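Please look over the model below before reading on, and keep it in view while you follow the report.

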Amino acid sequence: MLIGNTPLMIIVAALVTMVIAALLLSGVLRVLLIAQAVYWAMSYVARPVVLLLVQPAAAFGDNVADPRLVALGYDRGIEKALTPVAFGLVVYALLLLGYALWSRRRGREPRPVPLAGDPDMIGTLAVLYVLGTLARLASVASGSAGAAGEVASASPVLSLLAMPATLGAVGLIVLARPARNRDTLLLLGFLVLGELWWTTAIQSKTPVLGAALAVAVRFALTGWTGQKVLGIGAVSVAGIVGFDWLQSLKSTPYLRAQAASVDAAYPEPVRPFLGLLRRFDLLEAATDAYFTKPGSWLTPDQVITALARSLVPGQLLPGEKLQAGTAWATDVRGASVDMSQVSVSLAEGSIPEGYVLGGYAGVVIGVMVTAIVLIAWSRALYARHLVPVLFGIGLIEVPVVFERGMLGTAETLGKYLQVVVLAWMVRLAVGEWRRHRERTTAPVAAGVPVPVGSEGKQ
């Protein structure tokens, strides 16, 4: 059954090739590429394998067993849905392998990170984290925190103001350099627990997985050890297990009983992993693409227009911007599933999106864009300027190279552009405040009295 599924075997080979390419690389790009391979393995290998082995019937409340695949038969349905995915991952793996061989031939030495430990940068990230955390607390207190997949936030202002907490938390995890190991452990523990709390509050896996990836990126910058490898594994596992556990505490007895009834259809050894599998749902996007005729969604002109408008704040544009996740749910999934009573934003994935937009040529364009974003992302963290570093930090939290296509990536970058402008303003204020303190404290440290009212005079 599994061996006879050719696309599945090709996907496994492509993911192994990605890992080989990652091992040929160094620094941040190695971590990001391995994380990408693991993420896609959960969606395109682990989930199909469970479905092929268990053959579960479709049931209300169970999004692992897709009724469309049940109707086709799991063997045939998964093979059809994964065929474009197999093609796209082969192209992507070869692109990254070629880049890895080219980089290795150039023999680049590991580069320093200019802004790691920089006082102005760390101060900026700390202020952003405090401001964003206050907005998060206000969102939870007012009941407007929202949840994964929601089309619109109950409070768009609080939602936007909460985004700096993401930059602050991830940035401090990656760039803070406390003098003592004890302080480092305390800082990382506090920030990771904060992201675990937020991931539970908004019912999304993204914050805690972003924190785990941030820890891995930090280790890539500071050097790996056996203890660090075990640490990042522990953070990832604890985050997922903790997420499910905390969510179960928030559920009502009725919902817990309903979830237990759904899980009972699966063998006992599989049940502990169902919560994890439900959060890696790109197989559903691939199934959406199979049931949608290539070229039937958006025209090339509409795609280019949507990409350009995504990078401009909505307040400056006439009309509504295209929301890629919402449009995918309505137009693409709606072609094979009744979505008339459902309003949700879905992850489309670069390969399913490319296939729907332009067939196999669209898949090639989609994976090329993802490869470019991945490489640019890895290089941004080594920049000397605030803006590229902040974009690099932001992409650690938002999974654009893992589960979004071109449209979703542009949409996310457009949102973070506004946050980066705020961060730049905070950076100016932090720098000025620090210079003011240096001017006023230097004479005192030297034993020179400072006349009243003379601060800042030359």
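The report that follows goes from salt bridges to a covered helix, then to rings and to the surface.

This is a predicted model, in which local features need pLDDT of at least 70 and side-chain atom pairs count only at pLDDT 80 or more, while totals for chains, interfaces and linings use all residues. Residues are numbered from 1 along each chain as its sequence is written, and side-chain values use heavy atoms, with hydrogens and water left out.

**Salt bridges**

A salt bridge is counted here when a side-chain nitrogen of Lys or Arg lies within 4 Å of a carboxyl oxygen of Asp or Glu, and by this rule the count comes to 15 salt bridges. Three of them are set out in the table, with the N to O distance for each pair.

| Pair | Distance, N to O | Separation in sequence |
|---|---|---|
| Asp62 and Arg278 | 3.5 Å | 216 residues |
| Asp263 and Arg278 | 2.9 Å | 15 residues |
| Arg333 and Glu284 | 3.6 Å | 49 residues |

Helices in this report are DSSP runs (H or I, at least four residues), numbered from the N terminus. Arg278 belongs to helix H11 (residues 271-278), whereas Asp62 sits in the loop between H2 and H3. Asp263 lies in helix H10 (residues 253-263) and Arg278 in helix H11, so their salt bridge ties together parts that are 15 residues apart in sequence. A residue is called buried at under 20% relative accessible area, exposed at over 50% and partly exposed in between (1.4 Å probe, protein chains only). Asp62 and Arg278 are both buried, and Asp263, with a relative accessible area of 19%, is buried as well.

**Helix H12 and its surroundings**

Arg333, in the loop between H14 and H15, is linked to Glu284 in helix H12, and both residues are buried. These two residues also take part in a network of salt bridges that includes Arg47, Asp66, Arg68 and Asp288. Helix H12 is mostly covered, since eight of its nine residues are buried, and these buried residues pack against H2, H3, H4, H14, H15 and H17, where contact means heavy atoms within 4.5 Å.

In helix H17 (residues 400-403) we find Glu403, which counts as buried at 11% relative accessibility. Which residue does the side chain of Glu403 join in a polar contact of 2.3 Å? The partner is Tyr39, a polar contact being a pair of N or O atoms within 3.5 Å (within protein, one must be able to donate a hydrogen and the other to accept it, and residues adjacent in sequence count only if both atoms are side-chain atoms).

**Aromatic rings**

Rings of Phe, Tyr and Trp (its six-membered ring) pair if their centres lie within 6.5 Å, with planes under 30 degrees apart counted as stacked, over 60 as edge-to-face and the rest as tilted. The whole structure holds 11 aromatic pairs. The rings of Trp297 and Trp328 have centres 5.5 Å apart and planes at 85°, so this pair is edge-to-face. Trp297 lies in the loop between H12 and H13, and Trp328 in helix H14, 31 residues apart. Tyr39 also appears among the rings, as ring pairs link Tyr39, Phe280, Trp377 and Phe402 into a cluster.

**At the surface**

Helix H5 (residues 119-142) provides six residues of a nonpolar surface patch, its largest share. Leu134, which is in helix H5, counts as exposed at 52% relative accessibility.

Methods: Helix = DSSP H or I, 4+ residues; strand = E, 2+ residues; numbered from the N terminus.
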